[in-house]
Number of protein chains: 4
Amino acid sequence: MNTKIESLGKRTIPNPTKSGDYLSENAVVTFETMFADSKMVGPHFQKQPTLLEQAGALEKIYFDPRWVSAGIVTCGGLCPGINDVIRVLVMELHYHYGVRRILGFRYGYQGLVKSYGHHPHELTPDSVDDIQHMGGTILSSSRGPQDPGEMLDYLQECGINILFCIGGDGTLRGALAIHEEAKRRGQKIAVIGIPKTIDNDIYMVQKTFGFSTAFSKSLEAVTCAHTEAKGTYNGIGLVKLMGRHSGFIAANTALASGDANFVLIPEQDFDLEGEGAFLPLLKQRLLARKHAVIIVAEGAGQKYVTTTGTDASGNTRLGNIGLFLKEKIIEYFKKEKVPASLKYIDPSYIIRSVPANPDDSVFCRFLAQYAVHAGMAGKTGMLVGMWNNIFTHVPIELATSQRKVLNPETNKLWQAVIESTGQPFSMKDRSS
Amino acid sequence: MNTKIESLGKRTIPNPTKSGDYLSENAVVTFETMFADSKMVGPHFQKQPTLLEQAGALEKIYFDPRWVSAGIVTCGGLCPGINDVIRVLVMELHYHYGVRRILGFRYGYQGLVKSYGHHPHELTPDSVDDIQHMGGTILSSSRGPQDPGEMLDYLQECGINILFCIGGDGTLRGALAIHEEAKRRGQKIAVIGIPKTIDNDIYMVQKTFGFSTAFSKSLEAVTCAHTEAKGTYNGIGLVKLMGRHSGFIAANTALASGDANFVLIPEQDFDLEGEGAFLPLLKQRLLARKHAVIIVAEGAGQKYVTTTGTDASGNTRLGNIGLFLKEKIIEYFKKEKVPASLKYIDPSYIIRSVPANPDDSVFCRFLAQYAVHAGMAGKTGMLVGMWNNIFTHVPIELATSQRKVLNPETNKLWQAVIESTGQPFSMKDRSS
Amino acid sequence: MNTKIESLGKRTIPNPTKSGDYLSENAVVTFETMFADSKMVGPHFQKQPTLLEQAGALEKIYFDPRWVSAGIVTCGGLCPGINDVIRVLVMELHYHYGVRRILGFRYGYQGLVKSYGHHPHELTPDSVDDIQHMGGTILSSSRGPQDPGEMLDYLQECGINILFCIGGDGTLRGALAIHEEAKRRGQKIAVIGIPKTIDNDIYMVQKTFGFSTAFSKSLEAVTCAHTEAKGTYNGIGLVKLMGRHSGFIAANTALASGDANFVLIPEQDFDLEGEGAFLPLLKQRLLARKHAVIIVAEGAGQKYVTTTGTDASGNTRLGNIGLFLKEKIIEYFKKEKVPASLKYIDPSYIIRSVPANPDDSVFCRFLAQYAVHAGMAGKTGMLVGMWNNIFTHVPIELATSQRKVLNPETNKLWQAVIESTGQPFSMKDRSS
Amino acid sequence: MNTKIESLGKRTIPNPTKSGDYLSENAVVTFETMFADSKMVGPHFQKQPTLLEQAGALEKIYFDPRWVSAGIVTCGGLCPGINDVIRVLVMELHYHYGVRRILGFRYGYQGLVKSYGHHPHELTPDSVDDIQHMGGTILSSSRGPQDPGEMLDYLQECGINILFCIGGDGTLRGALAIHEEAKRRGQKIAVIGIPKTIDNDIYMVQKTFGFSTAFSKSLEAVTCAHTEAKGTYNGIGLVKLMGRHSGFIAANTALASGDANFVLIPEQDFDLEGEGAFLPLLKQRLLARKHAVIIVAEGAGQKYVTTTGTDASGNTRLGNIGLFLKEKIIEYFKKEKVPASLKYIDPSYIIRSVPANPDDSVFCRFLAQYAVHAGMAGKTGMLVGMWNNIFTHVPIELATSQRKVLNPETNKLWQAVIESTGQPFSMKDRSS
């Protein structure tokens with residue numbers, strides 16, 4: 001696995017930040033830390049461990065701050081904390097490195113294509129003051145790729161030598177394309193990604209910013225669903241949460257709540273009817289306890305619903321499993337002649353367009369500070385991530401090579417969900 | 001207008017609460033307070049004002065607390081503050097009047113019909129301690145009327161002499177039916193209503209509990225919609241809020257926000273297309289400002305959508321104007337070849353199943369304290385309301401005789417919405 | 001009582017807002033609405049009622065919007081909602097009346113005195129966008145009076161014809177002084193006050209903005225005190241809340257909480273020791289229930305503590321009754337040999353520097369809209385208030401003639417507190 | 001370093017939870033993960049790494065659930081999440097292992113001493129339902145040690161074979177004493193600690209529950225201090241936060257805020273006056289920016305204040321550095337003739353008696369689930385911790401051997417604080 005970070009060249013400029021404790025150039029974090037047997041670890045470590053580069057300020061940097069023009073762009077869907085990241089990028093560049101020109105490109109990668117006519121804004125400590133109290137992104141966003149050559153042309157015209165790309169999978173691929181085209185052209189631009197995905201599904205990255213806020217807001221919906229379920233005879237609360245390919249939001253929300261009885265996620269197939277399947281289990285729960293709460297991730301049970309093309313980012317438009325389940329459950333209990341009352345809650349964008357909570361704000365601050373350190377050091381084609389609670393540099397190519405998912409068989413989070421909900425590990429039809 | 005409150009009989013028992021300042025038996029509140037001209041008021045008041053009975057503790061009460069068994073029942077949809085009301089009813093009956101037997105009937109009026117088999121719970125200060133921190137109702141609820149005779153039979157069997165009915169329009173009609181049947185039978189039971197409606201649409205009642213909490217939670221959805229709208233080029237945030245017949249939630253949310261550009265309510269008809277109609281105005285706004293926020297009350301624009309029967313409470317199942325508008329708007333901008341991105345948010349039950357905010361908690365406390373004073377005084381067939389900020393008694397018959405709506409022509413709330421949003425007073429098609 | 005509002009002159013300019021439903025020039029609100037006997041009201045009303053002028057948009061206005069320069073100044077301590085008021089003043093002046101020059105004077109009345117050198121800021125819809133999400137005041141504030149002549153000189157130099165003064169008692173007196181000096185000079189400037197006091201103690205004004213937010217935040221401290229009290233054996237939670245002369249915050253917080261056992265306010269004297277006094281009652285409560293919660297308003301029990309001069313606003317620096325009680329209680333239980341553990345919480349500024357809650361935001365919007373209507377109509381020497389839930393104009397002279405306090409003998413709020421806490425009406429030493 | 005966990009005996013009972021994926025008996029986590037040079041890691045690892053035992057469900061357990069009586073006790077100060085832990089302990093014991101007798105001992109270790117007469121409560125899923133929505137501990141707490149022999153006597157009398165001790169340093173020492181006395185007596189009781197400290201200062205434990213909630217609440221105070229500081233000319237906001245020996249709360253709050261200009265912590269000495277010392281730097285900041293925000297941890301600058309004995313837990317009663325600084329700063333600016341206005345905020349218990357936030361709730365769930373797994377497996381004398389984001393078992397003896405502090409020289413958190421605030425690394429008087 002190639003975890004090596006590319007660099008624009010030799011670092012010769014003394015770091016002006018005088019922070020005292022600079023990171024050594026070869027500082028690393030071990031990827032593996034859990035071992036099934038203590039004998040597997042030791043002076044005669046059997047296997048070369050995977051090592052990730054640590055993030056941090058280096059004693060010598062590549063760029064002379066006086067000549068740096070930095071650019072910031074935000075792409076894809078909203079996520080709590082984007083404004084925190086923008087703000088700290090600006091503060092850190094301005095106050096710690098003395099960078100005096102920072103451009104905010106508007107409307108995502110569209111803003112890097114001159115013909116769209118979205119002129120960049122100059123960002124200063126004053127203009128970003130207090131923006132962290134608002135959700136969303138002051139730079140606005142857009143979906144979909146743009147031509148890397150056109151973007152590089154405009155970046156060159158604007159004199160940008162460090163570009164910070166805040167976005168998800170597609171954005172990171174776009175950043176990689178810019179980086180590769182720049183290499184081809186010999187254009188010395190540091191491209192630094194800051195991964196943003198509400199679903200927390202970036203490979204080699206322990207967690208992404210905004211996730212804590214997102215599942216915390218999701219909890220409110222589940223608490224309401226529980227209240228509604230208990231507020232009537234045989235009440236059922238059904239909540240649909242974000243999570244296109246991974247159940248991290250659904251699982252964490254369920255664990256925080258303790259009130260969910262069923263959690264359905266993309267990583268775990270389930271059947272509706274038949275022995276041991278979802279609907280009979282739901283009936284059993286309802287008869288026993290007179291109320292039930294179900295969390296379904298939007299990407300779960302897609303075998304049951306029709307997808308409808310793709311959006312501008314190239315993401316499949318998922319079928320609406322929430323509404324599907326709502327209808328199916330109502331129909332099933334009618335058929336079974338069990339009185340039941342279902343309340344459906346879809347908090348949708350409410351969980352992602354709120355401001356970051358304090359945990360996420362701290363996290364965003366670290367990401368942005370380390371992104372600036374990396375950019376000033378001339379690192380490129382990389383993103384700032386975290387592993388084993390240590391901030392790291394990860395090659396974008398590696399991070400976009402696959403998607404992080406929750407493996408229900410071995411994942412401790414999922415195991416805790418099973419323990420918490422009491423749902424069986426499998427809800428497949430055993431009768432067939 | 002008959003504002004006279006019925007009474008079970010002579011009040012002869014000294015009030016044990018020793019609160020010092022008892023209300024005089026004939027204390028009243030004037031209904032009208034605003035006059036277009038100061039000459040209309042004065043010693044030679046031209047018109048007999050409408051007077052409502054003030055709520056409060058009386059020096060003599062009807063029931064001997066030692067022999068009182070009180071019942072509490074909660075009906076209809078959830079609303080923030082029900083648990084606050086239940087808690088204070090119990091505390092006040094127990095600590096101030098020394099009532100020792102309080103039964104909580106479960107699952108709404110079903111719990112008053114013996115054959116359902118929902119046994120009532122004994123409520124004590126301990127059992128209701130801390131319930132105010134949770135949304136919903138610890139007694140659970142149900143929709144739909146039950147036979148007044150059967151309910152009275154069971155109330156008699158349980159020995160109830162004061163019944164507190166917490167619920168909306170339908171519940172109050174049910175309470176009235178119980179009261180009338182009791183009168184017919186000569187059964188001495190005080191029936192006290194505490195109006196509960198998230199829509200704030202009870203006639204002769206200035207505001208209902210939970211409303212402040214509900215629109216406050218609604219504001220979060222509108223703030224998110226605004227963030228989403230600004231987060232993309234030509235972004236539109238569309239929020240559907242509760243309000244079947246009245247736009248109070250939508251209007252207050254819009255005023256609290258200041259970010260809404262269009263508010264659509266049941267009381268004000270609008271057209272979609274044509275000169276001066278909604279969609280062309282929306283386009284105009286979008287072209288000028290690149291983003292727009294729309295709030296639509298669930299009962300607005302029903303001429304455009306199909307209703308589908310009635311629910312157990314007899315309420316018409318409204319057509320989904322939110323989803324309808326979402327499709328219409330997307331279609332319209334496609335037709336007009338204006339790029340636009342719409343985000344639809346329906347917070348649904350999230351606004352009503354949360355705990356009461358502090359304002360509502362204070363309000364619930366007053367309602368419950370006054371309900372207990374009224375019940376102990378032998379008043380009946382009445383509800384506790386508020387007018388001109390004074391707590392009042394209102395005959396249920398009067399309160400249910402019509403529904404309070406927002407008159408767009410004269411209502412100051414609506415006028416403020418027009419000023420705040422900048423939307424024209426009328427969005428009717430002027431071209432036809 | 002003189003409730004008449006002064007006016008700069010004849011209103012001849014048509015109101016450009018086209019809001020449709022203009023207020024009639026003589027519209028009034030009756031002050032009294034409660035009567036101990038229904039016979040006291042009627043066509044032969046015995047007494048001329050007090051009438052307050054209604055607030056609202058008039059069909060003709062005094063100022064031609066093209067030549068209006070408006071000024072805004074915020075004085076005294078912070079209060080939730082100041083930024084809401086500033087924002088709506090600017091929005092309403094700009095969008096509804098087309099006023100193009102709005103100056104924000106900085107640092108309170110200091111900003112109106114040229115020699116301080118605090119230059120005013122130009123306020124525009126863009127510069128006030130989103131400020132309502134932040135507590136405090138974007139204009140900053142200061143305490144203490146300034147010379148009215150100097151202030152008028154600078155206002156004239158800046159060309160201001162409408163001045164909005166947001167502040168408390170002292171600020172309103174300052175506004176009155178400016179108004180009177182202007183009259184003397186024949187300077188045509190409309191001086192409009194918007195009363196701001198966290199203590200809710202302005203005479204003839206039902207409630208002031210920020211109060212709902214302030215007591216809601218206070219509730220958090222009381223809930224924590226309750227949790228701490230129950231978290232240990234014989235735990236006592238003692239919370240000091242704002243309220244220099246009036247117990248409105250303390251009383252409302254107690255009612256919202258339901259967990260307070262003692263509420264001490266400035267309006268009600270109490271003794272510490274002796275029969276029926278506070279400390280023996282506290283001991284009795286503790287022995288019975290093993291925990292107790294006390295709320296003390298900062299202005300309560302001042303006979304026990306030493307005041308230390310006055311602040312810049314001329315307010316007496318109160319003695320710290322909270323710390324005094326803390327020591328006294330600890331000492332008393334030591335003396336009585338009752339183990340007890342006291343936790344003291346003083347949320348101080350936390351309750352006032354937060355953003356307005358949605359209820360206060362709506363309220364601020366109305367105040368600001370009506371303030372603009374009044375100013376454009378050439379009204380002056382007045383403030384915008386509320387009575388019987390109707391927005392009103394009140395002469396500043398009348399409003400500052402005395403302070404609104406809570407009369408414990410008759411006040412319904414206080415009666416509800418007595419019922420809720422179970423504390424006796426009087427805690428005076430009966431043994432002496 | 002001895003990281004070995006003691007065990008009561010052989011595990012022979014099949015785990016009834018059927019969770020599928022049991023942990024292997026020797027599963028470990030490496031303690032070290034960061035290396036200054038990649039050459040230090042590899043197949044020929046130079047140094048034997050420290051290994052911690054992983055937490056998790058084992059295939060065979062020690063106790064037969066049918067005969068298990070579990071005890072739960074909570075000691076020391078409150079912390080967000082205690083009720084979450086209690087609830088999940090009960091749920092997990094009841095539903096997953098089928099344990100039918102769970103006793104909650106009241107008032108901390110006092111409840112384990114019979115002579116105090118605090119009878120334990122039987123805990124059931126019903127009795128702990130919804131307790132996570134309230135702060136504090138339903139079992140109440142107390143400070144101070146009790147005799148291990150007396151506690152073991154009563155535990156034996158109550159038939160307890162697994163004891164869960166939720167508490168901080170002192171509690172863990174008490175748990176160790178119980179464990180050691182039990183070993184001496186040959187009493188087969190599993191003693192499992194769940195570390196609770198608002199200060200996050202337990203050795204070998206990455207984070208403790210409630211910390212996220214506590215610093216999140218602290219942020220509110222800092223935001224208010226910032227608002228107050230900006231609300232007046234040369235405003236200074238001073239906030240005192242918890243943190244007796246460590247600056248974790250102060251540091252995290254500062255990072256989440258981004259508005260703090262000075263952070264003073266116990267681990268970093270500072271001088272008040274002289275070149276490069278705190279007060280001159282504060283003056284410099286104020287003159288440059290007209291406002292400043294200071295966070296001081298309660299244990300900082302203790303050289304300046306007098307301590308006053310110890311509390312029941314044996315903790316030194318710290319001098320009040322917050323009030324000291326407040327006076328000093330006011331005095332200094334008076335002396336320097338710089339007008340300045342200081343607002344002091346001490347949120348005190350407000351940050352610790354609130355309910356856990358969703359992140360902490362998830363964390364508490366894991367801790368409690370793993371504590372139950374460990375107890376049922378017969379592990380003892382250990383606590384459940386976390387390291388490198390993996391839940392671990394740590395011998396109590398090791399965890400209490402020293403205190404975790406923030407080393408300002410090398411700590412990345414502190415480095416980020418320095419970058420964020422702009423304060424110099426050292427504020428020692430350089431003139432002397």
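## Chain contacts and symmetry in a predicted assembly

Strand β4 (residues 34-35) of chain A pairs with β3(D) in the antiparallel sense, over 2 bridges. Within β3(D), Val28(D) is the bridge partner of Phe35(A). The model in which this pairing appears is predicted.

**The contact of chains A and D**

The contact draws 59 residues from chain D and 59 residues from chain A. On the side of chain D that touches chain A, at least two residues are supplied by each of the strands β3 (28-30), β4 (34-35) and β5 (51-54). The helices α1 (82-96), α4 (211-230), α5 (248-257), α8 (358-376) and α10 (412-421) of chain D likewise each supply at least two residues of that side. The largest share comes from α8(D), with 7 residues. The makeup by class of this side of chain D is set out below.

| Class | Side of chain D that touches chain A |
|---|---|
| Nonpolar | 23 residues |
| Polar | 27 residues |
| Charged | 9 residues |

**The relation of chains C and D**

A turn of 180 degrees, with a shift of 0.0 Å along the axis, lays chain C on chain D with an RMSD of 0.0 Å. The two copies are therefore related as by a two-fold rotation axis. Among the residues of chain C, Pro347(C) comes closest to the rotation axis, its C-alpha lying at 2.9 Å. Both copies use the same surface, since 100% of the contact residues of chain C recur in chain D.

How values were computed. Residues are numbered from 1 along each chain as its sequence is written. Chains are lettered from A and ligands numbered from 1 in the order in which they are written. This is a predicted model: local features need pLDDT of at least 70, side-chain atom pairs count only at pLDDT 80 or more; totals for chains, interfaces and linings use all residues. Two residues are in contact if their C-beta atoms, placed from the backbone, lie within 7 Å. Helices (H or I, at least four residues) and strands (E, at least two) are DSSP runs, numbered from the N terminus. Ala, Val, Leu, Ile, Met, Phe, Trp, Tyr, Cys and Pro count as nonpolar, Asp, Glu, Lys and Arg as charged, and the others, Gly among them, as polar. Two strands pair if DSSP finds at least two bridges between them. Copies are superposed by least squares on the C-alpha atoms of residues with pLDDT of at least 70 in both.
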